[in-house]
Amino acid sequence: MYYFASDIHLGAGDAATARATEQRFFAWLSDIERDAEAVFLVGDIFDFWFEYRHVVPKGFVRILGKLAQMSDKGIRIVFFTGNHDMWITDYLTRECGIEIHTEPMLTELAGKKLFIAHGDNMNIKGQPMLRLMNTLFRSHTARTLFSWLVHPDLAMSFGHWWSGSSRKSHGRESDHKYLVPLIEYADHYAATHEVDYFVFGHMHIAADITAPHRILFMGDWHTAPNCVVLDDSGTISQKTLD
Ligand SMILES: [Mn+2]
């Protein structure tokens, strides 16, 4: 079995909310651990993560321990960076055996071809401000300068403030018009590539689009914990968790 989840936003909200999300995510990982061949964490797993050469954010020990344990057992943990955790470098790979991907992936699982991506930074040509921020935030030079010049406590305060304002700009749970750019992206991509299923996060809207291409959008865990499951026969489905 293959499992997919995105937009957990660990650490978001007040301490009680953040702990409840972490416990829910931990329970899900413990549950799928029985039959998971691989787990795909499709971006924004952390509400904010900035990694220095020798310093990482506090917290998340249950989740990191669980992921390390699963990886040690031979379960493949594949992590796509999202727009909230794009500054992950090598800590999670070295410490927990997690595969980090900063770009979308076209892969074959259970005999099906899947295109997997967080969904930010795609089809944003008409949004110059977003494009500028993407370029700046992804710049290696900017990241190095930031880590040299900004004290970690200040970086975390800034990051949590920025993450909070970025999440608030979503707040549109059911409006499918926000999915259109990614649906267009998928249509365009499918014209030149063979794809059975597209799997996206980012928009915080859970949706299962069937035509002309099968596109599964995962929602965020603050609205309702959810995941996508691909079984060994190649059947894919979306699940809302309790
Ligand atoms: Mn998100």
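## A buried phenylalanine pair

In this predicted model, F115 and F200 are both buried. A search of the whole structure finds 24 aromatic pairs, and one of them joins F115 to F200 in an edge-to-face arrangement, with 6.2 Å from centre to centre and 65 degrees between the planes. Because F115 belongs to strand β6 (residues 112–117) while F200 belongs to strand β7 (residues 197–200), the pair ties together parts of the chain that are 85 residues apart in sequence.

## An aromatic cluster

Ring pairs also link a set of six side chains into a cluster, namely F48, F50, Y52, W87, F146 and W162. One of these residues, W87, is also among the residues that E51 touches.

## The surroundings of E51

E51 is located in the loop between β2 (38–42) and α2 (61–72). Although E51 is buried, this residue has no salt bridge, and the nearest side chain of opposite charge, that of R94, is 6.3 Å away; that separation exceeds the 4 Å within which a salt bridge is counted.

What E51 does have is polar partners: its side chain makes a polar contact with the side chain of W49 at 3.0 Å, and the side chain of E51 also reaches the backbone nitrogen of D90 at 3.2 Å. When residues up to four places away in sequence are not counted, E51 touches V56, together with W87, I88, T89, D90 and Y91. D90 therefore appears both as a residue touched by E51 and as the one whose backbone nitrogen the E51 side chain reaches.

Terms used
Residues numbered from 1 in each chain as written. Predicted model: local features only at pLDDT ≥ 70, side-chain atom pairs only at ≥ 80, totals over all residues. Heavy atoms only, no water. Phe/Tyr/Trp six-rings, centres within 6.5 Å; stacked < 30°, edge-to-face > 60°. Helix = DSSP H or I, 4+ residues; strand = E, 2+ residues; numbered from the N terminus. Buried < 20%, exposed > 50% of the residue type's maximum accessible area, 1.4 Å probe, protein only. Lys, Arg positive; Asp, Glu negative; His and termini not counted. Polar contact = N/O pair within 3.5 Å; in protein donor to acceptor, adjacent residues only side chain to side chain. Contact = heavy atoms within 4.5 Å.
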